[in-house]
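I opened this model to look up two things, the cysteines and the ligand site. My notes follow in the order in which I checked them.

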Amino acid sequence: MISRKFPLTRLRRLRQSDSIIKLTSECGISKDDLIQPVFVKEGLKDKEPIESMPGIFRFGCESVLDEIEEIDQLGIKAIAIFPVIDPAKKDATGSEAIKTDNFISEVICSIKSKFPNMLVIADVALDPYTDHGHDGILENNKILNDQTLEVLAEQSIVLAEAGADIIAPSDMMDGRIGFIRKRLDENSFEEKIILSYAAKYNSKFYGPFRDAVNSKNNLGKSDKSSYQMNPANFLEALNEVAMDIEEGADIVMVKPGMPYLDIISRIKHEFKVPTFAYQVSGEYSMLMESVNKGWLDKNVIMESIISFKRAGADAVLSYFAKDLIKEFNL
Ligand code: PBG
């Protein structure tokens with residue numbers, strides 16, 4: 001062990017100027033590390049603001065193309081796309097999710113034909129499509145794991161056929177990664193990447209997202225604690241990740257972000273696989289509204305993003321992606 005003793009060692013020597021601080025910085029963030037989530041709403045003409053996510057909009061099938069153009073020009077390599085479905089199309093099994101010509105397929109198809117290099121990450125879960133707002137099939141107040149796997153595999157095929165590059169199961173059913181990988185391969189989609197929401201916690205930080213995709217009222221007082229993880233658990237996250245890698249996940253993700261930096265760090269160091277972090281809607285709204293009100297300096301946004309890199313995340317899904325590149329000249 002090297003001993004560091006004052007006055008021979010003065011750690012403040014390397015904090016004398018901005019230049020030396022930057023030169024000795026241990027990590028940084030670039031536009032290559034950022035993924036922009038995007039909401040698209042069925043039947044919407046232009047775009048509409050999301051009240052609980054200041055500065056974030058839902059786009060229509062056509063207006064989303066202008067948004068993607070801006071994202072592309074900023075140098076962002078990937079978007080994560082989330083649909084808001086016509087309420088009349090929601091049912092108990094989420095059957096709309098597996099229709100080949102559904103809204104999200106149409107949107108992905110038109111994005112990919114105009115922006116072939118933009119990586120499209122498509123969420124696999126039934127919550128945008130079910131009338132009860134759960135990610136799986138619900139029967140007698142229970143989420144049916146194995147029956148749901150079948151629908152998720154079908155949903156993955158629909159998304160892959162539409163042109164999604166990265167299939168991202170966010171549903172937390174047991175065994176879904178292996179099930180989806182097998183089905184993709186059987187359909188000649190060996191090259192489709194699986195990004196697993198491996199350690200996804202049962203979090204209240206998803207609140208604004210559920211407003212954004214209109215699933216909050218469907219879910220009502222029910223919660224997702226029978227499939228999403230207990231925020232108190234750490235070892236369980238390692239088990240989830242180990243199983244997902246074993247089943248064929250190419251990239252694993254931790255969600256939410258900032259309250260779970262310990263999980264990101266441990267996973268990255270233990271498994272040494274590409275690890276992403278999702279700075280979720282509630283984290284965004286909390287920071288954004290405080291910045292808007294002048295309660296927090298806008299540099300908190302950069303500080304929050306750099307904390308993910310320090311913890312070991314390779315990329316970050318963040319609603320701030322566009323703004324970060326613009327405001328901080330990334
Ligand atoms: C759906 C899904 C959720 C989020 C991403 N995919 C919500 C949930 O699980 O209830 C949350 C993202 C966010 O809060 O920004 N399975």
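I began with disulfides, and a search of the whole structure of this predicted model returned zero of them. I then asked why Cys-109 has no bonded partner: the closest cysteine sulfur, in Cys-61, is 10 Å from the sulfur of Cys-109, which is too far for a bond, given that a disulfide needs two cysteine sulfur atoms within 2.5 Å. I also looked up how accessible Cys-109 is, and with a relative accessible area of 43% Cys-109 is partly exposed. For Cys-27 I noted a relative accessibility of 26%, so Cys-27 counts as partly exposed.

I turned next to the ligand and found 17 residues surrounding it, the closest being Lys-200, Arg-210, Lys-255, Ser-281 and Tyr-319. Sorting the residues of this shell by character, I recorded seven nonpolar, three polar and seven charged.

For the polar contacts, I went through the side chains individually. Ser-281 places a polar side-chain atom 2.7 Å from an oxygen atom of the ligand, while a polar side-chain atom of Ser-170 lies 2.8 Å from a ligand nitrogen. In Asp-127, an N or O atom of the side chain is 3.3 Å from a nitrogen atom of the ligand. I then checked the cover: of the 400 Å² of accessible area that the ligand has on its own, the protein covers 100%. Last, I looked at the cavities, and the largest cavity is the space taken by the ligand.

Notes:
Residues are numbered from 1 along each chain as its sequence is written. This is a predicted model: local features need pLDDT of at least 70, side-chain atom pairs count only at pLDDT 80 or more; totals for chains, interfaces and linings use all residues. Side-chain values use heavy atoms; hydrogens and water are left out. A residue is near a molecule or strand if one of its heavy atoms lies within 4 Å of it. A polar contact is a pair of N or O atoms within 3.5 Å; within protein, one must be able to donate a hydrogen and the other to accept it, and residues adjacent in sequence count only if both atoms are side-chain atoms. Accessible areas come from the Shrake-Rupley method with a 1.4 Å probe; for residues, only the protein chains shown count as cover. On a 1 Å grid over the protein atoms alone, a cavity is a set of points where a 1.4 Å probe fits but cannot get out, and a pocket is an open set with protein on both sides within 12 Å along at least five of seven lines; lining residues have an atom within 4 Å of a point. A molecule sits in a cavity or pocket if more than half of its atoms lie within 2 Å of its grid points. Ala, Val, Leu, Ile, Met, Phe, Trp, Tyr, Cys and Pro count as nonpolar, Asp, Glu, Lys and Arg as charged, and the others, Gly among them, as polar. Buried means under 20% relative accessible area, exposed over 50%, partly exposed in between (1.4 Å probe, protein chains only).
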